Amino acid sequence: MLDPPLRLLMGPGPSNTHPRVLAALALPTIGHLDPYYLGVMNQMQELLRGLFRTSNPLTLAVSGTGSAGMEATVVNLIEPGDSMVVCVNGVFGGRMVDVAERAGAKVTRVERPWGEVFTPADLKDALASARPKVVGIVMAETSTGAWQPIEEISELVHEAGALLLVDTVTSLGGVDVRVDDWRIDAVYSGTQKCLGCPPGLAPVSFSPAAMEKIFARRTKVPSWYLDVTMLARYWGQERVYHHTAPINMTFGLYEALRLVHEEGLEACFARHRTNHEALRAGLAAIGIEYAAQEGHQLPMLNAVRVPEGVDDAAVRGALLSEFGIEIGAGLGDFKGKVWRIGLMGHTSRAGNVLVFLAALEQILASQGHQFTQGTSVAAANSRYLA
């Protein structure tokens, strides 16, 4: 019999799963064309529209993880030879480039140093020279903890006649995502981060303008499985069979979305912000700094610099083996230089922040890192009591 250890998941994902979501996953499996299941699909679409803040008819959950959502949005919008501009300031912008090139796009990379964000000025030359069909950008770069503003860039992209594609894998459910207000044409996310659901589905939404481009394609979508012209017939009123949907994962996501809406979007975002501020205060008290650009640090994914003289891997290993706490290592340019501390979904709770800080203090003290013991927990508590 499987007996996985209990972990406090404070890495870049997955986050801990809410007990109500676990209970939903264990419900009886029914058919993917069963009237009850079709009703759940309808309700889940409405919950997703509310969270994405959109009225887009084609809002659904792709069968697959967040990376499947990335691929679904790209391969449906891009035809071979199309021009696409991709903003790269971390791992997941780079991944979007790879996916777009595999779809046959002529990709123009616009780059910023890791941890920094883009301004409209960074894109002007590329938009003028590349004349792209699509511009892709990551709202919450999981590898750096950088929070990308979308509104001004969206305005510039649409002035250039392009469609805007946004990665919200880490942001959805943790900070506000306004698809309609920001004129996002295609958006994708994942279930395993701020939604507090296991990985396995990828919420996506396409604007009417994006769907017009997709239905006007000269070539077939290269992925049969991710072709939204067919998925739309299953998720729409026709209910034309496409593939066997992951029934119990749908139950889990439905319950996760219900939890977010029951809490209230603003209250949910405020919870993520408060726990981030407490963690930040605690880390600052023991000399640990953030890696992302000031003023653009994600509340749900805290990328912090490993202190000088501290063994990155040894700290992460001790947190896991001695306290059952998982945090993430740095990737790419940040490998060995940062820790990625997640406060996402059900994991984003005050008790978890305080337990983590206490455990981290003990491990850092054992490595000779100099600080006044107890100050991180005291600083976090001061924020909670403010």
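## Close-up views of a predicted model

**View 1. An open sheet of three strands.** Three strands make an open sheet, set in the order S11-S14-S13, and their pairing is antiparallel. The edges are strand S11 (301-305) and strand S13 (328-329), each of which pairs on one side only. Five bridges link S11 with S14 in the antiparallel sense. One residue pair helps to place them: Leu301 has Gly342 of S14 as its bridge partner. Like every view here, this one shows a predicted model, not an experimental structure.

**View 2. Strand S8, enclosed by the rest of the structure.** How many residues of strand S8 (residues 163-167) are buried? Five of the five are, so the strand is largely enclosed by the rest of the structure. In a regular strand, side chains alternate between the two faces of the sheet. Both faces of S8 are covered. Leu163, Leu165 and Asp167 are buried on one side. Leu164 and Val166 are buried on the other.

**View 3. The strands that pair with S8.** Strand S5 (residues 134-138) runs parallel to S8, and five bridges join the two. Val134 has Leu163 in S8 as its bridge partner. S8 also pairs with strand S9 (residues 186-188), again in the parallel sense, over three bridges. Here Leu165 stands opposite Ala186 of S9.

**View 4. Helix H12 and its packing partners.** Helix H12 spans residues 350-366, which makes 17 residues. From first C-alpha to last it reaches 25 Å, close to the 24 Å expected at 1.5 Å a residue. Which residues of H12 are buried? They are Asn352, Val353, Phe356, Leu357, Ala359, Leu360, Glu361, Ile363 and Leu364. These buried residues pack against several elements, among them helix H10 (265-285), helix H11 (312-323) and helix H13 (375-385). Strands also take part, including strand S1 (8-9), strand S12 (325-326) and strand S14 (338-342). S14 also appears in View 1, within the order S11-S14-S13. Just after H12 comes Gly368, with a positive phi of about 85°.

**View 5. The largest cavity.** The structure holds one cavity of 30 Å³ or more. The space in the largest cavity is about 30 Å³. Which residues line it? The lining is made of Tyr37, Ala61, Ser63, Leu201, Tyr234, Trp235, His243, Ala245, Pro246 and Thr250. Strand S2 (58-63) and helix H8 (228-235) each give at least two residues to this lining. By class, the lining of the largest cavity has seven nonpolar residues, three polar and no charged.

**View 6. The largest pocket.** The volume of the largest pocket is about 300 Å³. Its lining counts 13 residues. Arg7, Leu9, Asn16, Thr17 and Leu22 are the ones nearest its centre. The lining of the largest pocket divides into nine nonpolar, three polar and one charged.

**View 7. A cis peptide bond in a loop.** Gly13 and Pro14 are joined by a cis peptide bond, with omega at about 5°. Pro14 sits in the loop between S1 and helix H1 (19-25).

**View 8. Two arginines with positive phi.** Arg131 has a phi near 45°, a positive value in a residue other than glycine. Arg131 belongs to the loop between helix H5 (120-130) and S5. Arg239 is not a glycine either, yet its phi is positive at about 60°. The loop that holds Arg239 lies between H8 and helix H9 (247-263). Is Arg131 buried or exposed? Its relative accessibility is 68%, so Arg131 counts as exposed, since the cut-off is over 50%. Arg239 has a relative accessible area of 16%, so Arg239 is buried, since that cut-off is under 20%.

**View 9. Gly90 and its contacts.** Gly90 is in the loop between strand S3 (83-88) and helix H4 (91-102). With 4% relative accessibility, Gly90 counts as buried. What does Gly90 touch, leaving aside its neighbours within four places in sequence? Its contacts are Trp114, Glu141, Ser143 and Thr144. His261 serves as a distant marker: Gly90 and His261 are 171 residues apart in sequence. In space, their C-alpha atoms are 31 Å apart.

Note on methods:
Residues are numbered from 1 along each chain as its sequence is written. This is a predicted model: local features need pLDDT of at least 70, side-chain atom pairs count only at pLDDT 80 or more; totals for chains, interfaces and linings use all residues. Side-chain values use heavy atoms; hydrogens and water are left out. On a 1 Å grid over the protein atoms alone, a cavity is a set of points where a 1.4 Å probe fits but cannot get out, and a pocket is an open set with protein on both sides within 12 Å along at least five of seven lines; lining residues have an atom within 4 Å of a point. Grid points are joined across faces, edges and corners, and a volume is the space filled by probe spheres set on the points. Helices (H or I, at least four residues) and strands (E, at least two) are DSSP runs, numbered from the N terminus. Ala, Val, Leu, Ile, Met, Phe, Trp, Tyr, Cys and Pro count as nonpolar, Asp, Glu, Lys and Arg as charged, and the others, Gly among them, as polar. The expected span of a helix is 1.5 Å times one less than its number of residues. Buried means under 20% relative accessible area, exposed over 50%, partly exposed in between (1.4 Å probe, protein chains only). Contact means heavy atoms within 4.5 Å. Two strands pair if DSSP finds at least two bridges between them.
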